[in-house]
Amino acid sequence: MAPKLKFTEGEKVLCFHGPLIYEAKCLKSSVTKDKHVRYLIHYAGWNKNWDEWVPESRVLKYNEANVQRQKEVQRAHSAQPAKTKKTPAKGRKSEPANTTPAREESRASTPAGKDVETISTSSKKNQNKDPPADSGSDQPKKKRGRLDLSIETEEQYLAKVEVKIKIPEELKVWLVDDWDVITRQQKLAILPAKLTVSQIVDNYLAFKKSSKLHNQAKESVLVDITEGIKEYFNATLGSQLLYKFERPQYSEILQEYPDTPMSQIYGSIHLLRLFAKMGPMLAYTALDEKSLQHVLTHIQDFLKYMVNNRSTLFNLQDYGNATPEYHRKIQ
């Protein structure tokens, strides 16, 4: 006997996407061979490329109680410090990962394809897609982002594996200090940063090129990886890498530098926040396991580079006091 469907085609619903809840529409429904119900979901205001098949556990009725739950989840997410979140174990069909896929600003893309080179090249093929912005509102803002994800199949959903990026202890202390400076002391990173994300990534690439073991084949992969890091940063900064206290500053930066990638404005601590959240993001990509491990190896090497250069990358003097006017904006 087929299970009873909780939602109908065309019904307005709410749906979990990562840790947050979004207004959506149920396009189709289906029942798998093992009697699991799934729905093809379209997120309101999002490009159709973000449509995806989701298990019934991620879909909620659109009612007053769940709308309130949506707001509470957003508030809790905005208030929490940046830290690595766990994704569902392979084959598990319960709640989604507690970090959403890359979604927002700049000329970016999530990896898709067969090898590590796709971490950057996929964005060049999808320059006219409007992704959602993780604003927590019912109608996500249209940003400059250029992301593209194909519809997720049931097989892809089941095949997701937990992806972890190990943050070295020498860098974890800076994440803790950063959280304290921003959320408790209510200071802000001085922007543009003295050493921007783009400069740090380019310096890493130059360092690797200077190695005696470097060759042309390795250079091609390194270029793709480093460009991919910049793109991920540009894509996720506004949606996932900022504390609530930093958002007015971010809005000001967007107005002051409308045509500048955020990787050319923000610096090392925001890049480190990216790596703390990137594991679950990568779990939502189409990279096969071998390619994924290849990417993770390069990311761990980059973190090792940051450890070795932490004296020049991180400094509490890179934060400044917020003005009284700024404090009034966040009230």
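Helices α6 and α9 are roughly perpendicular to each other in this predicted model. The angle between them is about 75 degrees, which counts as roughly perpendicular because that class covers angles from 65 to 115. Their axes are 11 Å apart, with α6 covering residues 216-240 and α9 covering residues 289-308. On the α6 side the contact is made by Val221, Leu222, Ile225 and Ile229, and on the α9 side by His294, Val295, His298 and Phe302. By type, the residues of this contact comprise 6 nonpolar, 2 polar and no charged.

These two helices belong to a protein chain with 11 helices and 7 strands. The chain has 331 residues, and buried residues make up 53% of them. Among contacts in the chain with a separation of 6 or more, 75% are between residues 24 or more positions apart.

The nonpolar interior comes next. In soluble globular proteins, nonpolar side chains tend to be buried together. Here the largest nonpolar core has 57 residues, and the members that touch the most others are Tyr266, Leu272, Phe275, Leu282 and Met306. At least two residues of this core come from each of α4 (169-184), β6 (187-189), α5, α6, α7 (247-256), α8 (268-283) and α9. Helix α8 supplies the largest share, 10 residues. Leu272 gives a view of the packing: leaving out residues up to four places away in sequence, Leu272 touches Ile167, Leu171, Trp174, Leu175, Leu303, Met306 and Phe314. Another core, of 21 residues, lies apart from the largest one and has Leu14, Val54, Leu60 and Val67 among its members.

Helix α7, one of the contributors to the largest core, has Pro248, Gln249, Tyr250, Ile253 and Leu254 as its buried residues. The buried residues of α7 pack against β6, α6 and α11, the last of these being residues 324-329.

Charged side chains provide another set of links. The whole structure contains 12 salt bridges. One of them pairs Asp202 with Lys230, whose closest N and O atoms are 2.8 Å apart. Asp202 lies in helix α5 (residues 197-209) and Lys230 in helix α6, so this pair ties together parts that are 28 residues apart in sequence. The two partners fall into separate accessibility classes: Asp202 is partly exposed at 38% relative accessibility, while Lys230 is buried at 12%. The value for Lys230 counts as buried because it falls under 20%.

Lys230 also forms a salt bridge with Glu227, with 3.3 Å between the closest N and O atoms. Both residues are in helix α6, 3 residues apart, and are therefore separated by about one helical turn. An α-helix has 3.6 residues a turn, so residues three or four places apart point the same way. Glu227 is partly exposed, with a relative accessible area of 31%. Elsewhere, salt bridges with shared partners join Asp178, Glu246 and Arg273 into one network.

Helix α5 is also tied to α9. The side chains of Asp301 and Lys208 meet in a salt bridge, at 3.1 Å from N to O. Asp301 lies in α9 and Lys208 in α5, so the bridge ties together parts that are 93 residues apart in sequence. Asp301 is partly exposed at 27% relative accessibility, and Lys208 is partly exposed at 21%.

Two further residues show how distant stretches of the sequence meet. Glu170 is in helix α4 and is partly exposed, at 36% relative accessibility. The C-alpha atoms of Glu170 and Met306 are 9.4 Å apart in space, although the two residues are 136 residues apart in sequence. Setting aside neighbours within four places in sequence, Glu170 is in contact with Val307 and Arg310.

Thr196 is found in the loop between β6 and α5. Thr196 is buried, with a relative accessible area of 7%. Apart from neighbours within four places in sequence, Thr196 is in contact with Ser263, Gln264, Ile265, Tyr266 and Gly267. Of these partners, Tyr266 has already appeared among the residues that touch the most other members of the largest nonpolar core.

Definitions and conventions
Residues are numbered from 1 along each chain as its sequence is written. This is a predicted model: local features need pLDDT of at least 70, side-chain atom pairs count only at pLDDT 80 or more; totals for chains, interfaces and linings use all residues. Side-chain values use heavy atoms; hydrogens and water are left out. Axes are lines fitted to C-alpha atoms, for helices over the stretch in contact, and angles run from 0 to 180 degrees between N-to-C directions. Helices (H or I, at least four residues) and strands (E, at least two) are DSSP runs, numbered from the N terminus. Angles under 35 degrees count as roughly parallel, over 145 as roughly antiparallel, 65 to 115 as roughly perpendicular and the rest as oblique. Contact means heavy atoms within 4.5 Å. Ala, Val, Leu, Ile, Met, Phe, Trp, Tyr, Cys and Pro count as nonpolar, Asp, Glu, Lys and Arg as charged, and the others, Gly among them, as polar. A salt bridge is a side-chain nitrogen of Lys or Arg within 4 Å of a carboxyl oxygen of Asp or Glu. Buried means under 20% relative accessible area, exposed over 50%, partly exposed in between (1.4 Å probe, protein chains only). A nonpolar core is a set of buried Ala, Val, Leu, Ile, Met, Phe, Trp, Tyr and Cys residues joined through side-chain atoms within 4.5 Å.
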